[in-house]
Each structure stands twice: as structure tokens, then as C-alpha cells.
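New to this one? Here is a quick tour to read with the sequence and the model side by side.

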Amino acid sequence: MRILLTNDDGIEAEGLECLERIARTLSDDVWVCAPAVEQSGKGRGITLTEPLRVLNLGEKRFAVTGTPTDCVVLAVNDLMPEKPDLVLSGVNRGHNIGEDVSYSGTVAGALQGMAFGIRSIALSQSLERFHDEVVAHWETAEAFAPAIISRLLDQKWANGVVMNLNFPNRPPEAVDQVEVTTQGFRNVGEMHAVRRTDLRGRDYYWMSFRGEKQEHAEGTDLRAIEEGRISVTPLHIDLTHMTSVNDLKKVLGGAPPKSVATAA
């Protein structure tokens with residue numbers, strides 16, 4: 001089995017080292033193509049307005065001056081001799097749950113693999129907080145990911161699905177459950193912009209999270225991670241809201257409606 005690894009934390013990230021160890025328990029044919037610098041929060045962004053540079057860092061190992069999506073596109077189309085059998089993206093430093101998945105570069109790497117018809121899995125390790133001095137429990141992802149991935153690969157997946165794995169902020173011995181979950185949603189307003197002033201007196205903004213305590217619905221990825229369980233969420237890219245489609249078909253369709261002239 002040929003495996004392609006990518007991430008959004010960059011080629012030098014600890015989480016990528018963790019992912020390599022995980023992948024090598026599954027195969028000895030492991031390729032790495034990751035961003036040269038951190039690309040967190042870039043979602044499915046692709047680089048269209050500037051050239052991409054590929055740095056060859058050794059056998060089957062490349063860094064790209066672009067996004068996780070760029071990395072998967074280049075690896076599959078140009079850098080690898082054959083299409084991989086599996087794409088693993090991560091292990092992200094911090095979980096990707098709830099609405100995080102819509103702007104996560106980690107999930108985006110998996111989605112691009114899915115777009116190529118490759119089974120793809122995003123992996124993330126939850127943190128207490130994002131401060132630099134905080135050390136993630138990489139050993140938790142490393143302890144449980146290989147067997148979970150193997151179990152997932154034994155199953156048949158629907159077209160257009162990627163698997164989103166999140167590991168709780170606990171050591172392996174404190175984790176005793178895995179749960180198949182749905183994507184949850186936080187209360188509106190957790191993300192906000194902090195306004196600051198530079199040394200020349202001009203305002204600038206820094207995106208931040210409030211991190212407020214919230215109650216999350218049972219069965220969601222948010223609840224599972226909060227309560228210390230491994231979360232496995234099947235995600236797909238179809239954003240169509242079918243209830244609204246069916247409702248709108250009752251009032252729209254066929255010849256377009258004509259504007260009603262208003263009285264002068």
C-alpha cells in the first residue's frame with residue numbers, strides 16, 4: 001500500500017513526525033509532501049497567483065511553498081510515480097471538530113485526496129490550549145491511529161467521504177472509548193478579531209477564539225472530545241441542504257418569475 005502524507009502545520013511539525021510513525025506501521029511505501037511553512041486555517045485554498053516551488057528533502061520527501069491542497073495536487077499529479085492508495089493528513093496540533101472542518105487545512109488535504117478518488121483520512125490531536133509551550137499528547141494519536149485506520153480501510157466507503165479522526169487531550173492510558181460522531185456546531189461568536197495598534201499608530205487585527213464553555217449535543221465530535229473519547233466523523237463535501245431544495249421547488253422552477261411593476 002502506497003501512502004501519501006501531508007499536513008497544514010508544515011514540513012517540520014511534530015505532528016507530521018507522529019504521522020510518519022503511524023504510517024510506517026501500515027506500509028513501508030510512505031511519501032511525504034507538506035507545506036514548507038505553516039498553513040493552518042487555509043482550508044481548501046489553492047495557489048493561483050504565484051508560482052509554487054518544490055523542495056526535495058530526500059527520498060519520497062518534499063516541501064511545497066503552498067497549501068495542503070497544493071501539496072496533494074502536486075504529489076499525485078507530478079511527484080509520485082503512481083497514485084497513492086491512501087492519503088493521511090495531520091496529525092494536526094489541535095483538534096479539528098465542529099465548524100473547524102470548514103476552514104481546516106488538515107481536513108482540506110484529505111478532501112483533495114478524496115477528489116482524486118483516493119481514500120483519505122484527517123487526523124488531529126486535541127490540545128488544552130495553543131500556547132507554544134504546550135506539548136500535545138502525540139503518543140495518544142500514535143497509540144490508537146494505526147488500528148483505527150486499519151479498521152476503517154476494511155470497510156466500504158461511500159463516494160465523496162473522508163474520515164475525520166480526532167484524539168482527546170489525554171494520555172493513552174486515560175482513553176478507553178472511540179465513538180463514531182456527527183459534526184457539531186459551537187455557539188455563534190466564538191471566533192472574533194482582536195484589534196491592536198502597531199508602533200506607527202495604525203490598527204491591525206489578530207483572529208482569535210474566545211474558548212467559552214458550552215454544552216454540546218450528544219453524538220457530536222465536540223461532545224466526544226470534551227469527554228475524552230476518540231472521535232471518528234465521516235465527512236463529505238456536498239453542502240446542499242436538501243430540505244430547502246425540496247421546499248424551494250414548490251415556489252421556483254420552470255419559467256423564471258417576472259418582476260411586478262410598482263405603482264408610481
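Let's start with D8, which sits in the loop between strand 1 and helix 1. Keep in mind that this is a predicted model. D8 has a relative accessibility of 3%, and because anything under 20% is called buried, D8 is buried.

**Around D8 and S40**
- Beyond its neighbours within four places in sequence, D8 is in contact with a list of residues that includes P35, S40, P68, N92 and T106.
- S40 belongs to the loop between strand 2 and strand 3.
- With a relative accessible area of 35%, S40 comes out as partly exposed.
- Setting aside neighbours within four places in sequence, S40 is in contact with D8 and D9.
- The S40 side chain also makes a polar contact with the side chain of D9, at 3.2 Å.

**What the record says**
- An unreviewed UniProt entry lists D8, D9, S40 and N92 under "binding site".
- These residues span 85 residues in sequence, but no two of their C-alpha atoms are more than 9.1 Å apart, so they gather at one spot.

**The sheet and helix 1**
- There's an open sheet of 9 strands with mixed pairing, in the order 3-4-2-1-5-6-7-11-8.
- Strand 3 (54–58) and strand 8 (178–180) are its edges, each pairing on one side only.
- On average, neighbouring strands are turned by 20° against each other, direction ignored.
- Helix 1 (residues 14–24) packs on this sheet, and its direction makes about 140° with that of strand 5.
- Strand 1 (residues 2–6) pairs with strand 5 (residues 86–93) in the parallel sense, over 4 bridges.
- In that pairing, L5 stands opposite L88 of strand 5.

Definitions and conventions. Residues numbered from 1 in each chain as written. Predicted model: local features only at pLDDT ≥ 70, side-chain atom pairs only at ≥ 80, totals over all residues. Heavy atoms only, no water. Pairing = 2+ DSSP bridges. Helix = DSSP H or I, 4+ residues; strand = E, 2+ residues; numbered from the N terminus. Axes fitted to C-alpha atoms, helices over the stretch in contact; angles between N-to-C directions. Contact = heavy atoms within 4.5 Å. UniProt positions renumbered as here; feature names shortened; annotations may be inferred. Buried < 20%, exposed > 50% of the residue type's maximum accessible area, 1.4 Å probe, protein only. Polar contact = N/O pair within 3.5 Å; in protein donor to acceptor, adjacent residues only side chain to side chain.
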